[in-house]
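Open your viewer and get ready to select residues by number. We will go stop by stop, and at each one you will hear what to look for.

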Amino acid sequence: MKELIRPYLPRLAGAGLLAAGTELAGVALLATATFLLVRAAQQPPLSALTVAIVAVRALAIGRGTLRYTERLAGHDAALRVLTEVRARVYARLAARPDTAPAYRSGDLLSRLVSDVDAVQDLLLRCAVPAGAAALAAIAAVSVAVLVAPAGGLALAAGLVAAGVVLPALAFALARRTADRVAPLRAAFAVDAVDLTYGVADLAAYGATGAALAAAAGRAAELSTVERRLAAAAQAVDAAGVLVSGVTAAAVAVFALRGHASGVATAVLTVGALAAVEACLGLVGSARRWVEIRASLRRVSELLRAPEEPERTGDLPLAGPVTLALERVSVRYAAGHPAALSTVDLLVQPGHRVAVVGPSGAGKSTLLRVLAGLLDPDGGRVTANGRDLAAYRRADLPAAVTGLLADAHVFHASVRENLALGRPGATDAQLRAALAAAGLLDWLDAPPAGLDTIAGEDGGLLSGGQRQRLALARAVLADPAVLLLDEPTEGLDPHAADRVLADVLVAAGTAGVVLVTHRLVGLESLDDIVVLDCGAIVQRGTHAQLLAEPGWYRDTVGPRVRRAGVRAPADAPAD
């Protein structure tokens with residue numbers, strides 16, 4: 001993160017100087033006002049007070065102006081850094097989408113919002129105040145030493161206590177519990193998202209009470225931790241008031257012992273109070289630093305995620321594409337079973353391939369590798385005989401795409417959601433894609449048509465409508481290789497058969513890879529690949545796989561017989 005802040009250091013330094021000027025103006029204002037009041041009590045000629053009167057006005061105006069300018073400069077620098085950090089985090093996740101599933105959605109939301117905002121607090125509530133307090137303390141002690149050396153030393157001791165000892169104490173007290181705050185807040189965000197968007201599923205499984213109880217327990221734990229932090233903060237604040245009073249008293253005593261005049265003693269005493277007050281602000285900075293450390297670490301985790309391997313190729317990837325996997329292996333974490341193991345697959349133009357198998361077999365992982373969203377640990381992925389790295393970075397998403405498991409529907413109109421697949425598409429093209437996905441009849445109903453609002457993540461649509469809208473967007477993109485992950489999920493059997501047939505026709509000469517648990521209607525596909533534990537255990541056409549023992553025949557055969565369809569003549573009897 002340091003490299004993101006470094007370009008803005010001059011702006012931050014300027015904000016720190018302005019903050020120091022503000023604190024010094026505040027100290028000088030109180031000291032000058034004290035001088036004016038004490039001196040006026042002695043009833044001198046008015047001319048003896050003129051300079052002090054003008055100085056008070058100037059310092060009051062100057063303090064406000066400096067504070068405004070400091071806030072403006074500080075927030076300008078902090079928001080620039082914040083923009084850079086947030087853009088870098090989004091870019092990292094966009095470049096490596098395979099890292100996002102490692103985080104729960106609520107946790108990821110917390111990292112992208114509140115944790116990233118902690119960078120702003122690091123600069124405005126920790127770094128800038130620390131620099132300003134240090135400069136103001138040095139200036140205040142220098143002036144005090146010139147007037148009353150012993151009083152200046154007493155002030156220095158008080159400032160060290162207020163600006164170093166108490167912040168260190170606050171840090172130590174808060175650190176015991178503060179490291180737990182950010183993870184607990186992230187868990188709280190996860191609970192909020194799960195309970196909001198999973199309410200129907202929880203109710204269906206009778207788990208609402210258990211989920212609410214677990215969330216309430218974590219919320220209570222968070223509340224307890226935050227109360228402990230508040231109690232520690234109050235204790236340190238009380239100590240700060242004590243330090244301020246003792247320092248002012250010590251400065252007054254030493255000033256009088258040094259034979260300083262009554263006016264000078266009063267000015268030094270009030271100035272000491274103001275200087276200590278400025279340094280006590282560091283207690284809040286230390287407390288905030290403890291709170292944001294965990295947040296900054298969590299942001300750093302996102303920024304340190306492995307970058308996408310550099311692709312320096314300049315070859316265009318357009319027209320028909322033959323996509324091939326050659327002994328591809330994927331392992332998500334060391335020590336865990338391989339998600340894919342030495343997988344070979346060839347997808348040619350116009351070729352239809354179904355990928356089937358039990359849950360957890362690696363089907364979705366295979367699609368992510370084909371789409372270039374996940375780099376294999378072993379083997380190679382080629383397009384038209386060349387490694388993907390040989391092609392322009394921007395060409396692959398347009399050439400190989402489709403309906404993946406994490407397809408998102410935005411809170412926008414149907415037209416705008418479809419336009420993500422092909423910007424600038426005509427209404428005729430939009431309607432053709434919707435027809436292929438079996439959604440046109442519904443959309444033609446009044447009143448909104450293509451301007452119908454889908455809602456957040458398709459919340460205003462039924463499950464089947466949402467799925468078909470995402471499918472229509474994939475068809476509209478017209479890629480060279482169309483990837484489909486459970487495209488008919490949520491549809492009734494008759495509609496699912498019709499939609500799948502229409503989509504395969506709409507795909508034209510594109511290669512199609514279909515991942516499905518629905519083992520019906522696969523007779524027309526050119527090749528069926530059976531995955532199990534990340535490895536291909538069977539491969540062939542529907543008829544060939546029914547004719548040989550294995551997972552496919554064991555799973556599909558009984559369905560064929562129940563449907564009254566006779567298996568191929570060469571299929572052995574069970």
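**A tour in five stops**

Start by selecting β9 and strand β10 (residues 535–540): the two run antiparallel and are joined by 5 bridges. Keep in mind as you look around that this is a predicted model.

Zoom in on isoleucine 528, which stands opposite glycine 540 in β10. Now look at the hairpin of β9 and β10, where 2 residues lie between the strands. Click on cysteine 533 there, and you will find a positive phi near 55°.

Next, add strand β3 (residues 352–356) to your selection. How does β3 run relative to β9, parallel or antiparallel? The two strands run parallel, with 4 bridges joining them. Here you meet isoleucine 528 again, as the bridge partner of alanine 354. Show the surroundings of β9 (residues 527–532) too: 5 of its 6 residues are buried, so the strand is mostly covered.

For the second stop, select Pro487, Thr488, Leu500, Leu514, Thr516, Arg518, Val520 and Leu522, which line the largest cavity. That cavity holds about 50 Å³ of space, and the structure has 2 cavities of 30 Å³ or more.

The third stop is about charges. How many salt bridges does a search of the whole structure find? There are 16. Select glutamate 23 and arginine 67, which form a salt bridge with their closest N and O atoms 3.5 Å apart. This pair links distant parts of the chain, 44 residues apart: glutamate 23 is in helix α2 (residues 9–41) and arginine 67 is in helix α3 (residues 50–95). Add Glu70 and Arg71 to see a network of salt bridges that links them with Glu23 and Arg67.

For the fourth stop, select aspartate 395 and arginine 392, whose side chains meet in a salt bridge at 3.2 Å, N to O. Which label fits aspartate 395, buried or exposed? Buried means under 20% relative accessible area, so aspartate 395 counts as buried because its value is 15%. Its partner, arginine 392, is partly exposed at 40% relative accessibility.

Finish at the surface with Val143, Leu146 and Val147. Together they form a nonpolar patch with about 320 Å² of accessible area. Valine 147 sits in helix α4 (residues 105–147), and this residue is partly exposed, with a relative accessible area of 44%.

Definitions and conventions:
Residues numbered from 1 in each chain as written. Predicted model: local features only at pLDDT ≥ 70, side-chain atom pairs only at ≥ 80, totals over all residues. Heavy atoms only, no water. Buried < 20%, exposed > 50% of the residue type's maximum accessible area, 1.4 Å probe, protein only. Pairing = 2+ DSSP bridges. Patch = residues over 30% accessible without salt bridge, like charges linked within 9 Å, V, L, I, M, F, W, Y side chains within 5 Å. Areas by Shrake-Rupley, 256 points an atom, 1.4 Å probe, with all protein chains shown as cover. Salt bridge = Lys/Arg side-chain N within 4 Å of Asp/Glu carboxyl O. 1 Å grid on protein atoms, 1.4 Å probe; cavity = no way out; pocket = protein on both sides within 12 Å on 5 of 7 lines; lining within 4 Å. Points joined across faces, edges and corners; volume = space filled by probe spheres on them.
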